[in-house]
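Reader: Could you take a close look at one part of this model for me, and tell me how it sits against the rest of the chain? I'd like one connected walk-through rather than a list.

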Amino acid sequence: SIKDKIYFQQGSIKLEKVTVEVFEKMTKLLTGSDWVVYVEGHSSRGESSSDGKDAFALSAERAGVVTRV
């Protein structure tokens, strides 16, 4: 599953290098197709960002980062 290959450091919105590589491969496969891709954010229970944002805000920011890859 693709969700098992998306990695962020604890409390961070920065994607790990392996995740960017996965998205680059996906982009090549999906370019020109009529597939619809849904992006949902995630965070671990009780996780917060380094600047103090709660887990919901961290999750939303992570989803935004993924959509801009």
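**Helix α1 and what it packs against**

Author: The protein chain has 2 helices and 0 strands, so let's go with α1, keeping in mind that this is a predicted model. For a sense of scale, the C-alpha trace spans about 40 × 20 × 20 Å along its principal axes. Of the 69 residues in the chain, 23% are buried. The exposed surface comes to about 5,400 Å², with carbon and sulfur atoms supplying 54% of it.

Now to the helix itself. α1 runs over residues 17-30, which makes 14 residues. From the first C-alpha to the last, α1 reaches 20 Å, close to the 20 Å expected at 1.5 Å a residue. Just after the helix comes Gly32, with a positive phi near 85°.

Which residues of α1 are buried? They are Thr19, Val22 and Phe23. These cover an arc of only 100° around the axis, which puts them on the same side of α1. On the other side you'll find Lys17, Lys25 and Lys28, which are exposed.

Val22 is worth a pause. This residue of α1 counts as buried because its relative accessibility is 16%, and the cut-off for buried is under 20%. Val22 also has a partner from elsewhere in the chain to compare with: its C-alpha is separated by 8.2 Å from that of Ile6, and the two are 16 residues apart along the chain.

So what do the buried residues of α1 pack against? The answer is α2, residues 55-67. Seen from the other helix, the buried residues of α2 pack against α1. α2 has 13 residues, which should span 18 Å at 1.5 Å a residue; its end C-alpha atoms are 19 Å apart, which agrees. Its buried residues are Leu58, Ser59, Arg62, Ala63, Gly64, Val65 and Val66.

Phe23 takes us from α1 into the largest nonpolar core, where it is joined by Phe8, Leu15, Val65 and Val66, 5 residues in all. Val66 touches Phe8, Leu15 and Phe23, and also Val39, if you don't count residues up to four places away in sequence.

Arg62 is another buried residue of α2, and one you may want to click on. Its relative accessibility is 3%, which is why Arg62 counts as buried. A polar atom of the Arg62 side chain lies 3.2 Å from the backbone oxygen of Gln9. Leaving aside neighbours within four places in sequence, the contacts of Arg62 include Phe8, Gln9, Gln10, Gly11, Ser12 and Ile13. Also among them are His42, Ser43 and Glu47.

For contrast, look at the loop between α1 and α2, where Glu40 is found. With 71% relative accessibility, Glu40 counts as exposed. C-alpha to C-alpha, Glu40 is 14 Å from Val69, and the two are 29 residues apart in sequence.

One last number puts these pairings in the setting of the whole chain. Among contacts with a separation of 6 or more, 45% are between residues 24 or more positions apart. To sum up α1: Thr19, Val22 and Phe23 are its buried residues, they pack against α2, and Lys17, Lys25 and Lys28 are exposed on the other side.

How values were computed:
Residues are numbered from 1 along each chain as its sequence is written. This is a predicted model: local features need pLDDT of at least 70, side-chain atom pairs count only at pLDDT 80 or more; totals for chains, interfaces and linings use all residues. Side-chain values use heavy atoms; hydrogens and water are left out. Helices (H or I, at least four residues) and strands (E, at least two) are DSSP runs, numbered from the N terminus. The expected span of a helix is 1.5 Å times one less than its number of residues. Buried means under 20% relative accessible area, exposed over 50%, partly exposed in between (1.4 Å probe, protein chains only). The arc is that of the directions from the helix axis to the C-beta atoms. Contact means heavy atoms within 4.5 Å. A nonpolar core is a set of buried Ala, Val, Leu, Ile, Met, Phe, Trp, Tyr and Cys residues joined through side-chain atoms within 4.5 Å. Accessible areas come from the Shrake-Rupley method with a 1.4 Å probe; for residues, only the protein chains shown count as cover. A polar contact is a pair of N or O atoms within 3.5 Å; within protein, one must be able to donate a hydrogen and the other to accept it, and residues adjacent in sequence count only if both atoms are side-chain atoms.
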